[in-house]
Amino acid sequence: MKASDLDTKYMALAIRLAARGRGFTSPNPMVGAVVVAKGRIVGQGYHPRLGGPHAEVVALRKAGWRARGATLYVSLEPCSHTDKRTPPCVPLIIASRVRRVVVAMRDPNPRVSGRGIASLRRAGLDVRVGCLREVAERLNEAYCHWIRTGRPLVTLKAGMTLDGKIATAAGESRWITGEVARRHAHHLRAEVDAVMVGIGTVLRDDPRLTARLPGRVHQPLRVIVDSRARIPLMANVLSSALRGGTVIGTTDRAPRRRVERLRALGTNVLVLPVREGHVSLSALLSQLGRLKVTSVMIEGGSTLNASALCHGIVNRVRLYIAPRLLGGQDAKGVLGGWAPKRLAEAVSLTEVKVRSMGEGLLLEGIVNIRRRSG
């Protein structure tokens, strides 16, 4: 097998290892590492959680003396800065006496980008960069987006019928999709930093917005868009077990006493600018980015879905499509608000993928056209 093929093989393993940290490392990236000596894997590891040891540290510790003269495969550029929770990895790599380092991608963080690689090369190590770069970037898409923009990556998720309805005219929506789709959606909740809904969803369904899965599961931050702070104090997301992980985005139109009461409960209330009579979603995302939220999944109703798309904050779409036809002008569509008058103004998707999901389908795509900002 050629050296380049071996590099691809071992880097693919490093990326698979990195993915084991999904849901637990944010705002840090997911990273995996593999140490190979004389054609044998002598150490491997991944970054398991925020504040935990980095992948390189785990892999090199397992390799021990066998790392001397070996090749280290790492899915992200090793860090060299010290203003963080854990020690930098570059000095440890140099001290391990590995001969060669293969890096999938540069770290977009300006405190790291290129510096870790340069330090390794100055120490005389042979460094190759770019092996399976696109795969590694896709794995850490949310982290890269947050670092580059200061805002979380936003996915709009909805369950709907074949004709695009998310609820009947009477408001019934449980359950449009099947059990397999609902379980998959809970896995997605466990992978994102935050789940966002509008006040209408809270008033209608009183959801908990938790990832209900067996075993050790990351629970997302719950974000409620509520311009007048109408959320009931007895809402599930404000229960004693959940309120500390709930953020309410409101405006100065909310009664001050109401805001103070919510804060007294331990809820994080963000008073944000008004845009077209509602919370500025752009401002909300910026605030969430400052809170180190790197990914958000919108699970709102038709009003929030339409507003998010209209104001250009959505990056990806995930639609669970049930094999049902509901029909009716008065049934709730996945997008509310006013439709554009011209097809040219429609939001388009790229890289669209459709796959079976239980009895229905899952459609995924990247939002290509952003119509407005605000």
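**View 1. Lys157, a buried lysine with a partner in a loop.** In this predicted model, Lys157 is buried, with a relative accessible area of 15%. Under 20% is what it takes to be called buried, so Lys157 makes the cut. Its salt-bridge partner is Glu299, and the closest N and O atoms of the two sit 3.3 Å apart. This pair links distant parts of the chain: Lys157 belongs to strand β6 (residues 153-161), while Glu299 is in the loop between β14 (295-298) and α11, 142 residues apart. Glu299 counts as buried too, at 13% relative accessibility.

**View 2. Helix α11, mostly tucked away.** Now for the helix itself, α11, which covers residues 302-310. Of its 9 residues, 7 are buried, so the rest of the structure largely encloses this helix. Which residues of α11 are buried? They are Ser302, Leu304, Asn305, Ala306, Ala308, Leu309 and Cys310. After α11 comes Gly312, with a positive phi near 70 degrees.

**View 3. Glu141 and Arg316, a helix joined to a strand.** Glu141 pairs up with Arg316 in a salt bridge, with 2.9 Å between the closest N and O atoms. Glu141 lies in helix α6 (residues 141-149) and Arg316 in strand β15 (residues 316-322), so the salt bridge ties together parts that are 175 residues apart in sequence. As for cover, Glu141 is partly exposed, its relative accessible area being 25%.

**View 4. Arg318 and Glu364, strand to strand.** The side chains of Arg318 and Glu364 also meet in a salt bridge, at 2.8 Å from N to O. Here Arg318 is in strand β15 and Glu364 in strand β18 (residues 360-367), so the pair ties together parts 46 residues apart in sequence. How covered is each partner, buried or partly exposed? Arg318 is partly exposed, with a relative accessible area of 22%, whereas Glu364 is buried at 16%.

**View 5. The second largest pocket.** There's about 1,100 Å³ of space in this pocket. The lining has 41 residues, and the closest to the pocket centre are Arg22, Arg138, Leu139, Glu141 and Arg318. Two of those names should ring a bell: Glu141 is the salt-bridge partner of Arg316, and Arg318 is the partner of Glu364. Helix α7 (residues 179-191) gives the most to the lining, with 4 residues. What kinds of residue make up the lining, by class? The tally is 18 nonpolar, 11 polar and 12 charged.

**View 6. A nonpolar patch on the surface.** Leu349, Val352, Val354 and Leu361 make a nonpolar surface patch of about 300 Å². Strand β17 (residues 349-357) supplies the largest share of the patch, 3 residues. Val354 is one of the residues found in that strand. With 52% relative accessibility, Val354 counts as exposed, since the cut-off for exposed is over 50%.

**View 7. A four-residue network of salt bridges.** Side chains of opposite charge can pair when their charged atoms come close. Asp7, Arg100, Asp126 and Arg128 do this as a group, linked in a network of salt bridges. A search of the whole structure turns up 13 salt bridges.

Technical notes. Residues numbered from 1 in each chain as written. Predicted model: local features only at pLDDT ≥ 70, side-chain atom pairs only at ≥ 80, totals over all residues. Heavy atoms only, no water. Buried < 20%, exposed > 50% of the residue type's maximum accessible area, 1.4 Å probe, protein only. Helix = DSSP H or I, 4+ residues; strand = E, 2+ residues; numbered from the N terminus. 1 Å grid on protein atoms, 1.4 Å probe; cavity = no way out; pocket = protein on both sides within 12 Å on 5 of 7 lines; lining within 4 Å. Points joined across faces, edges and corners; volume = space filled by probe spheres on them. Nonpolar A, V, L, I, M, F, W, Y, C, P; charged D, E, K, R; others polar. Patch = residues over 30% accessible without salt bridge, like charges linked within 9 Å, V, L, I, M, F, W, Y side chains within 5 Å. Areas by Shrake-Rupley, 256 points an atom, 1.4 Å probe, with all protein chains shown as cover.
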